[in-house]
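Biologist: I would like to learn how to read a model like this one, feature by feature, with the general idea first and the particular case after it. Could we begin with the charged side chains?

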Amino acid sequence: MSSYLLSFAHDKKDLEICITEDNVLNITGIVGSGKSTLANQYKNNYKYIVITIDNFFFADINELDNETKKIRIMLEKKYQKLRPLEFEYYYLDIVKYAKENIKDKILVLDGAQIYYCVDYSKIVGNIIIKRTSIMKSFIRALNRDLKDIKEKNKSKKEKYKIIKRRLNQISDYKNLNKFILCLKKEV
């Protein structure tokens, strides 16, 4: 079983698992593992609708594509304020929405929230788990943050908070490994 788990220093091939026949493709992994890069490969294909989960919580609604905007409005009507750590509740609503409204396409959900917040037994469709090494993912995420810090001229206090958050996320791989083990036992 340990061959499925993330490695600190070595990338592993993405883990792909078919869970149900639903038209959902879940893409998950730790921050900086390449989830969005993979999801973006589906964006220009008319057979797919790609939803970046962070857009439900952090993006300006006016910058969202039509389908993401519809889903976010639906979720906000039901839950008022959307909170990232409560994504499990939204996941089931999103899947239901997809089954009822986008039957002819595959819904691609991109986000760490899938493994971090959703009980593995509730996942439907297919899942791709990015198994980029912990160190490489950390460096990618930190470089992305450092670029953002430089462009937005953040204060020392803001810089410290961002770097501390990234350091705390290094241990997050344990949650993904636990998710992988649970998923592999189930399938």
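Modeller: Let us begin with R72, which at 10% relative accessibility counts as buried, and keep in mind throughout that this is a predicted model. The general idea is that side chains of opposite charge can pair when their charged atoms come close. In this case R72 forms a salt bridge with E76, the closest N and O atoms being 3.2 Å apart.

Biologist: Where do E76 and R72 lie, and is E76 buried or partly exposed?

Modeller: Both residues lie in helix 2, four residues apart, about one turn of the helix. E76 is partly exposed, with a relative accessible area of 28%, whereas R72 falls under the 20% limit for buried residues.

Biologist: How many salt bridges are counted in total, and which parts of the chain does the pair D14 and K130 link?

Modeller: The count comes to seven salt bridges. One of them joins the side chains of D14 and K130, at 3.1 Å from N to O. This pair links distant parts of the chain, since D14 is in the segment before strand 1 and K130 is in the loop between strand 5 and helix 5, 116 residues apart. As for their surroundings, D14 counts as partly exposed at 22% relative accessibility, while K130, at 13%, counts as buried.

Biologist: What does the salt bridge between K99 and D22 tie together?

Modeller: The side chains of K99 and D22 meet at 3.1 Å, again taken from N to O. K99 lies in helix 3 and D22 in the loop between strand 1 and strand 2, so the pair ties together parts that are 77 residues apart in sequence. K99 is partly exposed, with a relative accessible area of 46%. Leaving out residues up to four places away in sequence, D22 touches V124 and G125 as well as K99. By contrast, D22 and N143 are 121 residues apart in sequence and 36 Å apart in space, taken from C-alpha to C-alpha.

Biologist: I would next like to understand the interior. Which residues have the most contacts inside the largest nonpolar core?

Modeller: The general idea is that, in soluble globular proteins, nonpolar side chains tend to be buried together. Here the largest nonpolar core has 38 residues, and those with the most contacts inside it are F56, F87, Y91, I94 and L109. The elements that give two or more residues to this core include strand 1, strand 3, helix 2, helix 3 and helix 7. Helix 3 gives the most, with seven residues.

Biologist: If I select F56, which residues is it in contact with, leaving aside its neighbours within four places in sequence?

Modeller: With those neighbours set aside, F56 is in contact with I51, T68, I71, R72, L75, L82 and I94. The list therefore includes R72, the buried arginine with which we began. There is also a second, separate core of eight residues, among them I27, L38, A39 and V108.

Biologist: Is Q113 buried or exposed, and what is it in contact with?

Modeller: Q113, whose place is in helix 4, counts as buried at 8% relative accessibility. Apart from neighbours within four places in sequence, Q113 is in contact with I53, D54, F57, P84, F87 and V118. Of these, F87 is also among the residues with the most contacts inside the largest nonpolar core.

Biologist: Which residues make a nonpolar patch on the surface?

Modeller: A nonpolar surface patch of about 230 Å² is made by L146, I163 and L167. I163 has its place in helix 6 and is partly exposed, with a relative accessible area of 32%.

Biologist: Finally, how many disulfides are there, and why?

Modeller: A disulfide is a covalent bond between the sulfur atoms of two cysteines. In this model the count comes to zero, and the cut-off that matters is 2.5 Å between the two sulfur atoms. The sulfur of C18 is 19 Å from the closest cysteine sulfur, in C182, which is too far for a bond. The sulfur of C182, in turn, is 15 Å from the closest cysteine sulfur, in C117, also too far for a bond. Both C18, at 44% relative accessibility, and C182, at 24%, are partly exposed.

Conventions:
Residues are numbered from 1 along each chain as its sequence is written. This is a predicted model: local features need pLDDT of at least 70, side-chain atom pairs count only at pLDDT 80 or more; totals for chains, interfaces and linings use all residues. Side-chain values use heavy atoms; hydrogens and water are left out. Patches are made of residues with over 30% relative accessible area and no salt bridge: like charges are joined within 9 Å, nonpolar side chains (Val, Leu, Ile, Met, Phe, Trp, Tyr) within 5 Å. Accessible areas come from the Shrake-Rupley method with a 1.4 Å probe; for residues, only the protein chains shown count as cover. A salt bridge is a side-chain nitrogen of Lys or Arg within 4 Å of a carboxyl oxygen of Asp or Glu. Buried means under 20% relative accessible area, exposed over 50%, partly exposed in between (1.4 Å probe, protein chains only). A nonpolar core is a set of buried Ala, Val, Leu, Ile, Met, Phe, Trp, Tyr and Cys residues joined through side-chain atoms within 4.5 Å. Contact means heavy atoms within 4.5 Å.
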